[in-house]
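Please open the structure in your viewer, show side chains as sticks, and follow the stops below in order.

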Amino acid sequence: MRTMRLLYLTPGLFPARRVDVGLLFGDGLPRHGVYSDIVAFRKPGAQEQEEAWGGGEAILADPPRRLKHLAVFMHMFMALAQSRRDRHDGVQVRDMPFIALMALILARLKGMPFLYWCSYPYPEGQIDRARRATGLKKLASLPLLLRGLLGRFVLYRLVLSRADHIFVQSERMKQDMAGRGAPAERMTPVPMGVDLERMQASVAAFDADATDDVSVDKRMRGRRALIYLGSLDYVRNIETLFEMASLLRWRLPNIVLLIVGDTHDQQHKAWLQERARQLGVDDILIWTGWLPIQEAWRYIRQAEVGLSPIPRGELLDCSSPTKLIEYMALGVPVVCNDNPDQQMVIEQSGAGLCVPYTAEDFANAAETLLKEATETRRQRMENAIRYLRTHRDYPVIARKLAGTYFAIHEKACHEALKQGS
């Protein structure tokens, strides 16, 4: 089997919470001969066995306590400086425009292809957060605004135009980035997926102990649960779900709304909790915070409807929502709104209802699914599994992605031979 190896520079902590990092690069791609030496920061308190990386070598450093940006730069620089052309067939950077510029320069000096992976428009997100600030925070957010503006210039003018290939989250992100000058012919969308085999094994385990008192949250007994899984950041506007719950509770008195997720913005979280109280739904909300993935899946499996609201706009239109795919894989029908990627998935799979993101529309759609006949629901979810198996199962995604990597590798080898002759 032919093989290749990447040096993969990632933000955040390791082991990665992003499932596409772990499932694709740590498991799926190595099965097709594409390995990755991942460069990241160690999660505080992580056990040694958690640091095992199936994709190759894990090049880790302890998370910086001071001078964060300098520490990140130095860790990434040392990994790049020590990389060799006879070991790595390319350098890939995920979601870090300034690190990407450094990596691009060093990759060119070493004669290696440079690749960029974009999962979210981070410079645009920084600009948006800074511009939303009010009062005294407006001045404090100036460094964030400058970082976003400079990051956007670096990414689109210097990095993406020179990258050998760019991986994006969705077809919409490809269109958006091409509109800003990125080369469309060198972009490949890689949407979010699931490991269907693993999740179906979890479904079987959940069903096997469904009568076990430990397996069911006592607060959900005898109630019909709707679930939201994901970030509670302000851009998500999940307060609309509270308004939805305030409408539904009078139509279906035994409902409960699960909020499985959190936000680092504690001020915004306090505002959300106060908003729930104002709407009179705090007694039918269950807040769990972030949970280990298996535990989060258990909550999904106990729910009757999954909620996937993705507010429309520049920042989130280009996303490929994971929660939608996870609900489907766990046999839970979905109410979502018209984010381009999830609208396409719902239309092609029939896994739920896609409506405008308003409290009234979500309430009506949720009520429809809750009142759906058992046989109709069963057929809906069988269709959903067939769709996932064909389009969003990580083994399928990994096989296609490996083909793209080998095409990039072969092109680079061909060009190196031409230059050598």
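**A tour of the aromatic rings**

Begin by selecting Tyr8, Phe25, Trp117, Phe167 and Tyr405, which ring pairs join into a cluster; rings of Phe, Tyr and Trp (its six-membered ring) count as a pair if their centres lie within 6.5 Å, and planes under 30 degrees apart are called stacked, those over 60 edge-to-face and the rest tilted. The model is predicted, with local features requiring pLDDT of at least 70 and side-chain atom pairs pLDDT 80 or more, while totals for chains, interfaces and linings use all residues. Residues are numbered from 1 along each chain as its sequence is written, and side-chain values use heavy atoms, leaving out hydrogens and water.

The structure holds 10 aromatic pairs. Select Phe14 and Trp53, an edge-to-face pair with 5.6 Å centre to centre and 75° between the planes. Phe14 belongs to strand 1 (residues 4-14), whereas Trp53 sits in the loop between strand 2 (34-42) and strand 3 (58-61), 39 residues apart; helices (H or I, at least four residues) and strands (E, at least two) are DSSP runs, numbered from the N terminus. Phe14 counts as buried at 3% relative accessibility, as does Trp53 at 12%, where buried means under 20% relative accessible area, exposed over 50% and partly exposed in between (1.4 Å probe, protein chains only).

Move next to Phe25 and Tyr405, whose ring centres are 6.3 Å apart with planes at 75°, so this pair is edge-to-face. Because Phe25 lies in helix 1 (residues 19-28) and Tyr405 in helix 16 (residues 394-420), the pair ties together parts 380 residues apart in sequence.

Finally, select Arg2, which lies over the face of Phe406 at 4.1 Å from the ring centre; a charge sits over a ring if NZ of Lys or CZ of Arg is within 6 Å of the ring centre and within 35 degrees of the ring normal.
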